[in-house]
Amino acid sequence: MPGKYHHRDLRAELVRVSLDLIAECGIAAFSVAEAARRAKVSSAAPYRHFPDRTALLAAVATTAACRLRDDIEEAVAAETDPVARGATIAAVHTRFLIDTRIGLQVIYAEGLGDPKYTELHEARRDLVDAFLMRCIDITHDPATALELMEQLNTQAFGYGELYLNGVNRRLGYPPEQVAAKSRRAARIVIEAYQAGNPSTAPADPW
């Protein structure tokens with residue numbers, strides 16, 4: 001049985017252990033009971049703070065979104081060139097996924113669309129702004145910036161997933177090298193958008 005409740009902030013502790021649990025086992029294996037066990041509290045204790053599993057998952061997604069946004073803002077603070085900022089964001093995104101094993105699949109997990117999760121929706125908007133405003137600085141067109149943001153995020157996520165799935169590790173690439181590859185690939189895409197290269201610039205809408 002779990003030990004007696006001893007956390008000064010059980011809510012924060014539950015979010016912390018839930019982040020670890022999802023990183024290890026994925027969302028499908030995530031449960032309030034296991035989070036309680038890891039937090040060393042009774043299985044009923046989490047429900048004092050979260051009415052159900054989805055509410056706890058929303059808090060986890062909020063924390064992940066805020067941390068990724070903060071990492072982005074810190075990394076681009078010293079960058080003055082829009083291309084460098086965009087490439088840096090891609091590298092940060094890749095490294096965040098590698099380090100935490102928590103990515104957009106958690107931040108935008110299915111079932112978290114209810115308007116009552118106001119903190120999560122605000123954190124998502126702030127994260128999108130961190131991505132999108134830098135893409136607008138590059139393309140000067142919101143529609144094209146959205147396309148660029150999607151491509152850069154997909155690419156950055158792919159580099160992270162290839163590392164986590166063992167492909168890049170088997171090739172001998174450490175995390176910092178994978179992030180550097182993500183940065184270089186992002187720069188290639190960004191420069192192609194700037195040049196209007198038809199092979200990489202936005203395609204016609206579906």
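## Helix packing around H4 and H9

The axes of H4 and H9 cross at roughly 145° and come within 8 Å of each other; here axes are lines fitted to C-alpha atoms, for helices over the stretch in contact, and angles run from 0 to 180 degrees between N-to-C directions. This is a predicted model, in which local features need pLDDT of at least 70 and side-chain atom pairs count only at pLDDT 80 or more, while totals for chains, interfaces and linings use all residues. Residues are numbered from 1 along each chain as its sequence is written, and side-chain values use heavy atoms, with hydrogens and water left out.

Back to the pair. The crossing of H4 and H9 is right-handed, which is the label when the near helix is turned clockwise from the far one by less than a right angle (anticlockwise would be left-handed). On the H4 side, the residues that meet H9 include Ala 84, Ala 87, Ala 91, Thr 94 and Arg 95. Their partners on H9 include Ala 179, Ser 182, Arg 183, Ala 186 and Glu 191. Contact here means heavy atoms within 4.5 Å. The residues of this H4 contact with H9 divide into 11 nonpolar, 5 polar and 5 charged. For the classes, Ala, Val, Leu, Ile, Met, Phe, Trp, Tyr, Cys and Pro count as nonpolar, Asp, Glu, Lys and Arg as charged, and the others, Gly among them, as polar.

### The wider fold

The protein has 9 helices and 0 strands, so in sequence order the pattern reads α-α-α-α-α-α-α-α-α, with helices (H or I, at least four residues) and strands (E, at least two) taken as DSSP runs numbered from the N terminus. Its C-alpha atoms fill a box of roughly 60 × 40 × 35 Å along the principal axes. Of the 206 residues, 44% are buried, where buried means under 20% relative accessible area, exposed over 50%, and partly exposed in between (1.4 Å probe, protein chains only). Among contacts with a separation of 6 or more, 66% come from residues 24 or more positions apart.

### H4 itself

H4 covers residues 82-100, 19 residues in total, and reaches 27 Å from its first C-alpha to its last, close to the 27 Å expected at 1.5 Å a residue; that expected span is 1.5 Å times one less than the number of residues. The helix is mostly covered, with 15 of its 19 residues buried. Val 92 is found in H4 and touches Leu 68, Asp 71, Ile 72 and Ala 75, leaving aside neighbours within four places in sequence. The C-alpha atoms of Val 92 and Glu 110 are separated by 24 Å, although their positions lie 18 residues apart along the chain.### Ala 186 and Thr 62

Ala 186 sits in helix H9 (residues 175-195). Once neighbours within four places in sequence are set aside, Ala 186 is in contact with Ala 87, Ala 90, Leu 152 and Gln 155. Ala 186 and Leu 148 are 38 residues apart in sequence and 9.7 Å apart in space, C-alpha to C-alpha. Over in helix H3 (residues 53-76) we find Thr 62, which touches Glu 119, Leu 120 and Ala 123, not counting residues up to four places away in sequence.

Here is how the individual residues score on accessibility.

| Residue | Relative accessible area | Class |
|---|---|---|
| Ala 186 | 0% | buried |
| Thr 62 | 11% | buried |
| Val 92 | 15% | buried |
| Arg 101 | 37% | partly exposed |
| His 140 | 65% | exposed |

### H6 against H7

Helix H6 (residues 118-139) and helix H7 (residues 142-164) pack at an angle of about 120°, with their axes 8 Å apart. The two are therefore oblique to each other: angles under 35 degrees count as roughly parallel, over 145 as roughly antiparallel, 65 to 115 as roughly perpendicular and the rest as oblique. H6 passes H7 in a right-handed crossing. By class, the contact of H6 with H7 has 12 nonpolar, 3 polar and no charged residues. Among those from H6 are Val 128, Phe 131, Leu 132 and Ile 136, and H7 offers, among others, Ala 145, Leu 148, Met 149 and Leu 152.

### Two loop residues with positive phi

Most residues other than glycine have a negative phi. Arg 101 has a positive phi, near 60°, and lies in the loop between H4 and helix H5 (104-107). Arg 101 follows H4. His 140 also has a positive phi near 60°, and its place is the loop between H6 and H7.
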